[in-house]
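The following paragraphs lead the reader through selected parts of the structure shown below.

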Amino acid sequence: MARGCPSCSCTLRLTSIPVCPLSVQTHRDGTYHYNLGKALAPLRGEGVLVLGSGSATHNLGKMGRDDEPVPQWASDFDAWLRDSLLAGRYDDVNRYQEEAPHAKTAHPSPEHFYPLHVALGATGDEPKAELIHHSWAEANMSYASYRFTTKRL
């Protein structure tokens, strides 16, 4: 794998699908990345899919075994994210560091969470979130997956 190549874009490069990886800015916040996505929203009309690859919780320092119970901090953050997205509380999600329980434990650094903000913003006006997959790995890694559509569809 090439250095600096996100795993999803490297995988897609092996196909005939054109891919343009976008780097997150870890020194910026969720609102910045949401607005970055909003700037990409007009591309939907041209058939462009914005795919955010990350993790609903991502703390490598606290990983365990798959057969261990999910720690409370991970479960609380994951439930807060699900409830916030499904209820349309996107400003809360953008301010997750202030609003979410155990935010710093769930994401000691934000690079695996900001892709969600970009994808949400890229939906455009009146986004609607749908949980399409949920699983856990290594005790604390939530692989909750969301699809974002516009309410106007």
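**From helix H4 to helix H3 and a pocket**

Helix H4, residues 90–94, contains aspartate 92; helices here are DSSP runs of H or I of at least four residues and strands are runs of E of at least two, numbered from the N terminus. The model is predicted, so local features need pLDDT of at least 70 and side-chain atom pairs pLDDT 80 or more, whereas totals for chains, interfaces and linings use all residues. Residues are numbered from 1 along each chain as its sequence is written, and side-chain values use heavy atoms, without hydrogens and water.

Aspartate 92 counts as buried because its relative accessibility is 19% (buried is under 20% relative accessible area, exposed over 50%, partly exposed in between, with a 1.4 Å probe and protein chains only). Leaving aside residues up to four places away in sequence, aspartate 92 touches Trp80 and Glu99 (contact means heavy atoms within 4.5 Å).

Trp80 is one of the buried residues of H3, which also include Trp73, Phe77, Asp78 and Leu81. The buried residues cover an arc of only 160° around the axis, which puts them on the same side of H3; the arc is that of the directions from the helix axis to the C-beta atoms. After H3 comes glycine 88, with a positive phi near 80°.

A separate topic is the lining of the second largest pocket. E4 supplies its largest share, 5 residues, and helix H7 (114–122) and strand E4 (145–150) each supply at least two. On a 1 Å grid over the protein atoms alone, a pocket is an open set of points where a 1.4 Å probe fits, with protein on both sides within 12 Å along at least five of seven lines, and lining residues have an atom within 4 Å of a point.
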